[in-house]
Amino acid sequence: MKPCPCCSGKLFSSCCSQFLAGKAVPKTVKQLMRSRYAAFALGGYGDYLLNTWHPDTAPAVTAADLGSVDSNWSGLEILSSTQQGDHGTVDFCARFLDEHGQVQTHRENSQFVRIKGRWYYLEPLSLNDETAGSAA
Ligand SMILES: [Zn+2]
C-alpha cells in the first residue's frame, strides 16, 4: 500500500496505477498530468509517456530511453487547470532534487489536446523555470 507519487493523497493502486497499467484512460487533463508525473517519478514507464504525448511534439527517443531518465522527482503541485472542449491546460509546479541534493522546482503551464476521446500532452504554454534563487 504505497501513496501515489503524484501527491494526490490517494493510494497508488487507486490513483495513477490504473492509467500506467493501461486499464483506464484519463478522463481529465489533471488525471493525465498526474499520471504522466507519476510515470516520470517512478521511471520505467516510457511507453506510457510516449503514448500520451502528441505525435507532433513527442521527443524522438525510444520508450526505454524516456523511461530511464534519471530525475529525482519529489513532488507535484497542480496550481490550476482549464478544460474547454478538446483543449486543456495544467499549470503545475514539480519539485526535484538536483545533483547536490538541493530541491529545485520546475514550473510549467502545459497544453493538452483530446483526440478521439484520449488526452495528449502537447507542449508548454510558457516556460517559466523558477530556479530557487542563486546558489550563493
Ligand atoms: Zn496519482
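## Exercises on a zinc site, a hairpin and two odd phi angles

Cysteine 7 lies in the segment before α1 (17-20). Keep in mind that this is a predicted model.

**Exercise 1.** Work out what is unusual about the phi of cysteine 7, and whether the residue is buried, partly exposed or exposed.

*Solution.* Start with the background: most residues other than glycine have a negative phi. Now check the angle: phi of cysteine 7 is near 70°, so we have a positive value in a residue that isn't glycine. Then look at the surface: cysteine 7 has a relative accessible area of 40%, so it counts as partly exposed, since that class lies between the 20% and 50% cut-offs.

**Exercise 2.** Find the protein donors of the zinc ion and name the arrangement of the donor atoms.

*Solution.* First, list the donors: the SG atoms of Cys4, Cys6, Cys15 and Cys16 sit 2.2 to 2.3 Å from the zinc ion. Along the sequence, these donor residues follow the spacing C-x1-C-x8-C-C. Next, take the angles: the 4 donor atoms subtend 107 to 111° around the zinc ion, so the arrangement is tetrahedral. For reference, the ideal angle for four tetrahedral donors is 109.5 degrees.

**Exercise 3.** Decide whether cysteine 15 and cysteine 16 are buried or exposed, and say how many disulfides the whole structure holds.

*Solution.* Go one residue at a time. Cysteine 15 has 7% relative accessibility, so it counts as buried. Cysteine 16 comes out at 1%, so it is buried as well. As for disulfides, a search of the whole structure turns up 0.

**Exercise 4.** Place tyrosine 37 in its helix, classify it as buried or exposed, and find what its side chain reaches.

*Solution.* Tyrosine 37 belongs to helix α2, which covers residues 29-42. Its relative accessibility is 5%, so it is buried. Setting aside residues up to four places away in sequence, what touches tyrosine 37? The list is Pro5, Cys6, Trp73, Ser74, Gly75, Leu76, Ala94 and Arg95. One of these, Cys6, is also a donor of the zinc ion. Gly75 deserves a second look: the tyrosine 37 side chain reaches the backbone nitrogen of glycine 75 at 2.8 Å. For glycine 101, the C-alpha to C-alpha distance from tyrosine 37 is 20 Å, with 64 residues of sequence separation.

**Exercise 5.** Describe how strand β1 is joined to β2, then place threonine 89 and find its side-chain polar contact.

*Solution.* Strand β1 (residues 72-84) and β2 run antiparallel, with 11 bridges joining them. Serine 80 faces aspartate 91 of β2. At the turn, 2 residues separate the strands of the hairpin, and glycine 85 adopts a positive phi near 60°.

Threonine 89 is part of β2 (residues 87-97). With a relative accessible area of 18%, threonine 89 is buried, because the class runs up to under 20%. Its side chain makes a polar contact with the side chain of threonine 82 at 2.5 Å. Beyond four places in sequence, the contacts of threonine 89 include Val29, Ser80, Asn109, Phe112 and Leu125.

**Exercise 6.** Locate lysine 116, give its phi, and classify it as buried or exposed.

*Solution.* Lysine 116 is in the loop between β3 (103-115) and β4 (118-127). Its phi is positive, about 50°, even though it's not a glycine. Finally, the relative accessible area of lysine 116 is 85%, so it counts as exposed.

Notes:
Residues numbered from 1 in each chain as written. Predicted model: local features only at pLDDT ≥ 70, side-chain atom pairs only at ≥ 80, totals over all residues. Heavy atoms only, no water. Helix = DSSP H or I, 4+ residues; strand = E, 2+ residues; numbered from the N terminus. Buried < 20%, exposed > 50% of the residue type's maximum accessible area, 1.4 Å probe, protein only. Contact = heavy atoms within 4.5 Å. Polar contact = N/O pair within 3.5 Å; in protein donor to acceptor, adjacent residues only side chain to side chain. Donors = N, O, S within 2.8 Å, 3.2 Å for Na, K, Ca; no water. Tetrahedral: all angles 85-135°; square planar, octahedral: opposite > 155°, others 65-115°. Disulfide = S-S within 2.5 Å. Pairing = 2+ DSSP bridges.
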